[in-house]
Amino acid sequence: MIHIKVIFILLVLFLSNTNVIAQNPRAMLNQVQIKINKANNYKADINIKVDLPYITMMPIDTKLYFKQKDKFKIDTKSIAILPKQGFLQLNMLVNDTVNYTAIFQSKETINRIKTSLINLIPNNDTSDVVLAKLWVDATNLVIVKSQVTTKSSGTVKTEYTYGAQLAFGLPDCIKFIVDIKKFKIPKALAADINTSKSKKVEKNTGEIIVVLKNYEINKGITDSVFEKVK
Amino acid sequence: MLFKSTYNELLKIAFKPRSYIGIAGIILIISIILFAMKVDGSFYISLITGQFDQSLLFEGEILNGNLIAYIIIQMLIIHVPLLIAFVTGDLVSGESAMGTIRLLLTKPVSRSTILWSKFFASCIYTLIVMLCLAFMSFVLGKLIFGQGDLMVLKSDGLIVFQEGDITWRFFYGFAIAFLSLVTVATLALTLSCFSENSIGPIVATMGIILLFTIIGSMDVPVFDVIRPFLFTTHMAAWRYFFDDPLNTTNIFYSITILVAHIGVLLAIAFYKFNKKDILS
């Protein structure tokens, strides 16, 4: 009988705690933050596939380095294209508990994952971020989707797929959906002197898919890695 | 006999100071471009990437030897024909002006052989100029700016070629550029057969290139019919090798038009030279 009481009390405590997290978006983001910050530094092999209007390029393989709190480097001699609101912005948003207010909006299911949609609204009008929407997997405490609107770069939607490094909140695949403005270049600059008609591109959004593998987490990365070679 | 005659023509070209103007011009212009790019290349890069700056971040070395080579060829391919015409427009008319053509035609060599030798000599000179351009842009550019992927700016977007996928494009690009320069050399040589002085064929060649280029670059429907048949339209055919996917139909069409021009111009030149009265 005592055992049943203890189990009941523990169950009530657990449920109430979960409920607190679900109802308190900041608490949920704090949990996400704790998970993300478990990886103090990491490097990974990445494959970047670009499917954007007006840009043609083959996928490239390279290495990504990250070190808390904001050191980030793509180590490539090849030309790589990434969204301007890339890897760091989400970390920055989740870690910033002062300048943004988290508001719970709704519960949604994305790819059979139950998520809580949390809106982050800046506390002052000088912030570049206008609105950030984060779909947080309440079970695994990771962000599965985000939509960040900034004054400078427009809106970028991002979808995250997790695998082996779920414990560190590190994704195996990130899909960025980017808005691209209409491409216009003077004919003389492009020097297509004999091209009278240019191809019409209908869509103005494109995707950049980054596949991450062979993570090496918390093995230590020196700061010199992040220094730009002149 | 043709070989010896061609060798003689090459010697004549080699001993004319004007033959070095083209090569010196290319060396000077490319040196200026290389200097400007080394000092202020980031400005040019911002012109390329500026359209996407709002939403995209470009990583890696965009300003490298391959891009420099591409920029130089793009800039110079319009001007090099003028330097070529400077020498090849003088091959027959220069001899008429100096009076050496009478002596030349007294040799036991047919007129056709002499003209063939002048044509081959002009092709070899064009090749030397082209190799100079290739060395200065492609080799020197890579030595100064290093290797890397090539980002090509087109009027309808950007194409990024990976480093391993570039050299063959430049090789064939230079080859087709050489063919277009040979067309110009042949035009100058043909006009040279009609003239008794050097200035006329050179200026006429420049005028024709200028006129055809203007017609080719004007977006006026009335010129749509003739534009595909102008040789100047196909002088930019080297750029087809920097398309993805490769448009082989356009490449072969351009080669056909350029070869056809060379054939027709040579036929006119042979007809005129064989019928030419030597009055000087």
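In what order do the three strands of the open sheet stand? In this predicted model, the order is β2(A)-β3(B)-β2(B).

**View 1. An open sheet with mixed pairing is formed by three strands.** Strands of a sheet pair through backbone hydrogen bonds, in either the parallel or the antiparallel sense. The edges are occupied by β2 (55–57) of chain A and β2 (150–154) of chain B; each has a single partner strand, so one side of each is left without a neighbour in the sheet. On average, and with direction ignored, neighbouring strands of this sheet are turned by 15° against each other.

**View 2. Strand β2(A) pairs with β3 (residues 157–161) of chain B.** The two strands run in the parallel sense and are joined over three bridges. Within this pairing, A:T56 has B:I159 of β3(B) as its bridge partner.

**View 3. Within chain A, strand β1 (residues 41–51) pairs with strand β3 (residues 60–67).** This pairing is antiparallel and extends over eight bridges. One position to locate is A:I48, which stands opposite A:I60 in β3(A).

**View 4. Strands β3(A) and β4(A) form a hairpin.** Three residues lie between the two strands. Strand β4 of chain A comprises residues 71–75 and runs antiparallel to β3(A), to which five bridges join it. Among the residues of this hairpin, A:K67 has A:K71 in β4(A) as its bridge partner. Strand β3(A) thus appears in two of these views: it pairs with β1 of chain A over eight bridges, and five bridges join it to β4 of chain A.

Definitions and conventions. Residues are numbered from 1 along each chain as its sequence is written. Chains are lettered from A and ligands numbered from 1 in the order in which they are written. This is a predicted model: local features need pLDDT of at least 70, side-chain atom pairs count only at pLDDT 80 or more; totals for chains, interfaces and linings use all residues. Two strands pair if DSSP finds at least two bridges between them. Helices (H or I, at least four residues) and strands (E, at least two) are DSSP runs, numbered from the N terminus. Axes are lines fitted to C-alpha atoms, for helices over the stretch in contact, and angles run from 0 to 180 degrees between N-to-C directions.
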